[in-house]
Every structure is written in structure tokens, then in C-alpha cells.
Amino acid sequence: MEESKFCTGCGKAVGPDMQFCPQCGKVVSGSLADEEFKEAQKEISVAMSYARRNWLIFLLGIYAIPIIIAAIVVLIEASSTASAIWSSTEFQDWLKTHSYNYTEADIKNAITYAAGMALGSGICAAVSLAMVYLRKHWAVAVAACILAAVLCFWSIFGMIIGFLVAWLIIGSRDLFEEPEPEPEPATEQ
């Protein structure tokens, strides 16, 4: 005599070979349909994690690469940019109007500091990108992304996006967890 089961949805008795409850249509627990459903859920979860990781890589890369390049260019051209600003009549008029006592060296220093912080922000974003890509050191990925956002203080939009990406990394800790290795089969001696 075959043992009957009960539906976990409505409690009606179902036969041992039934895949779905005839009363409510729910998949019968332990059936082949239940196993296939669980496997499909697992595949969807893996695909969603893969997509989330790709989005994080895209968002970090779209910031890190251009900001690093731009900061390096600005650092290289800091003297000539400061000279161009200093020689501008509009800037000289602005200095006189506001009674500021800036020098060309002050302008160069301000440009150099701003570009240095932009470079630091880009490098931090690149570190976070590398950690997400490698799926290692979740805390480093989060900290580097937060530091990149803080160093981007000159742009409220950049800071908001940086903190948003950091929040996404915080919520993606599962991407950094290594799957448990399968146990080795026992060998007989």
C-alpha cells in the first residue's frame, strides 16, 4: 500500500506519484516537479547574481576609468591651466572685485589638490571594481567605494551615485561568498 502525502497549501491528501495538488494546484513537496522548480529557482538566482555583479562592474568602471584619465591629464597640465586662468582678464577683474590676494601658484596648487583628490577617488573606485570582479574582500570593496564617494565631494551627484553603489555592494555580500567545496569521495585502502 502506497503512503499518501498531504498538500502543504491546502492540507488535502495527495497520492505519492502526484506532482500537483488536485484541489489547489500547488506543487507537491518532494515530487519531481518540486525538484525541477527548486533547480529552476537556483538557476534564476545564479543568473540574477551574475547580472548584479555585471552592473556593479559597469557602474564602477564608468566612473573609475574616465576620472583616473582626466585627473592624470589635469595633473600634467596644472601649470599651463593655472597660467591660462591667471592671464584671463575676467579672472583678474574677479580678483580685484572681491579683493582676493591669490597668486598663480595658489591657482596651480588648488588645481593640483583637486586633481589629486579626483585621482584618489578614481583609484578607490578601481580597487572596489577589482574586488567586485574578483569576488574577494567584500569589506575592502565597500570601504573603497565609500572612500571614492567621499573624495568626490566636489560633485553632489558623484557622491550620491558613489554612496548608492556602495549600498549596492553592501547588499551584494553573497556575490563574495565562495561556494563550499564538494567533499572528496572516500577512498578505500
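These exercises work through charge pairs, pockets and aromatic contacts in a predicted model.

**Exercise 1. The salt bridge**

Find how many salt bridges the model holds, and state which parts of the chain are tied together.

Solution.
- Step 1: apply the cut-off. A side-chain nitrogen of Lys or Arg must lie within 4 Å of a carboxyl oxygen of Asp or Glu.
- Step 2: count. The total is one salt bridge.
- Step 3: name the partners. Asp-174 pairs with Arg-52, and their closest N and O atoms are 3.0 Å apart.
- Step 4: place them. Arg-52 belongs to helix H1 (residues 32-76) and Asp-174 to the segment after helix H6 (156-170), so the contact ties together parts that are 122 residues apart in sequence.
- Step 5: check accessibility. Asp-174 is partly exposed at 35% relative accessibility. Arg-52 is partly exposed too, at 29%.

**Exercise 2. The largest pocket**

Give the volume of the largest pocket, then list the residues that line this pocket and sort them by character.

Solution.
- Step 1: the volume is about 250 Å³.
- Step 2: the lining consists of Lys-42, Ser-45, Val-46, Ser-49, Tyr-50, Arg-53, Arg-135, Asp-174, Leu-175 and Glu-177.
- Step 3: sort them. Five are charged, three nonpolar and two polar.
- Step 4: link back to Exercise 1. Asp-174 is in this lining, and Asp-174 is also the acidic partner of Arg-52 in the salt bridge.

**Exercise 3. The second largest pocket**

Describe the second largest pocket: its volume, the residues closest to its centre and the elements that supply its lining.

Solution.
- Step 1: the space amounts to about 170 Å³.
- Step 2: 14 residues form the lining, and those closest to the centre are Tyr-63, Gly-158, Ile-161, Gly-162 and Val-165.
- Step 3: H1, helix H5 (138-151) and H6 each give two or more residues to this lining.
- Step 4: H6 makes the largest contribution, with five residues.
- Step 5: sort by character. Eleven lining residues are nonpolar and three polar, with no charged residue. The largest pocket, by contrast, has five charged residues in its lining.

**Exercise 4. Aromatic pairs**

Count the aromatic pairs, then classify Trp-55 with Phe-58 and Tyr-100 with Tyr-102.

Solution.
- Step 1: the count is five aromatic pairs.
- Step 2: take Trp-55 and Phe-58. Their ring centres are 5.6 Å apart and their planes meet at 90 degrees. Planes over 60 degrees apart count as edge-to-face, and this pair is edge-to-face.
- Step 3: place the pair. Both residues sit in helix H1, three residues apart, about one turn of the helix.
- Step 4: check accessibility. Trp-55 is exposed at 54%, while Phe-58 is partly exposed at 45%.
- Step 5: take Tyr-100 and Tyr-102. The centres are 5.4 Å apart, the planes 35 degrees apart, and the pair is tilted.
- Step 6: check these two as well. Tyr-100 is partly exposed at 38%. Tyr-102 is partly exposed at 41%.
- Step 7: widen the view. Tyr-100 and Tyr-102 join Trp-86, Phe-91 and Trp-94 in one aromatic cluster.

**Exercise 5. Charges over rings**

State which ring lies under Arg-53 and which lies under the charged end of Arg-173.

Solution.
- Step 1: Arg-53 lies over the face of Tyr-133, 5.3 Å from the ring centre. Arg-53 also lines the largest pocket.
- Step 2: the charged end of Arg-173 is placed over the ring of Trp-138, at 4.2 Å from its centre.

Definitions and conventions
Residues numbered from 1 in each chain as written. Predicted model: local features only at pLDDT ≥ 70, side-chain atom pairs only at ≥ 80, totals over all residues. Heavy atoms only, no water. Helix = DSSP H or I, 4+ residues; strand = E, 2+ residues; numbered from the N terminus. Buried < 20%, exposed > 50% of the residue type's maximum accessible area, 1.4 Å probe, protein only. 1 Å grid on protein atoms, 1.4 Å probe; cavity = no way out; pocket = protein on both sides within 12 Å on 5 of 7 lines; lining within 4 Å. Points joined across faces, edges and corners; volume = space filled by probe spheres on them. Nonpolar A, V, L, I, M, F, W, Y, C, P; charged D, E, K, R; others polar. Phe/Tyr/Trp six-rings, centres within 6.5 Å; stacked < 30°, edge-to-face > 60°. Lys NZ or Arg CZ within 6 Å of the ring centre and 35° of its normal.
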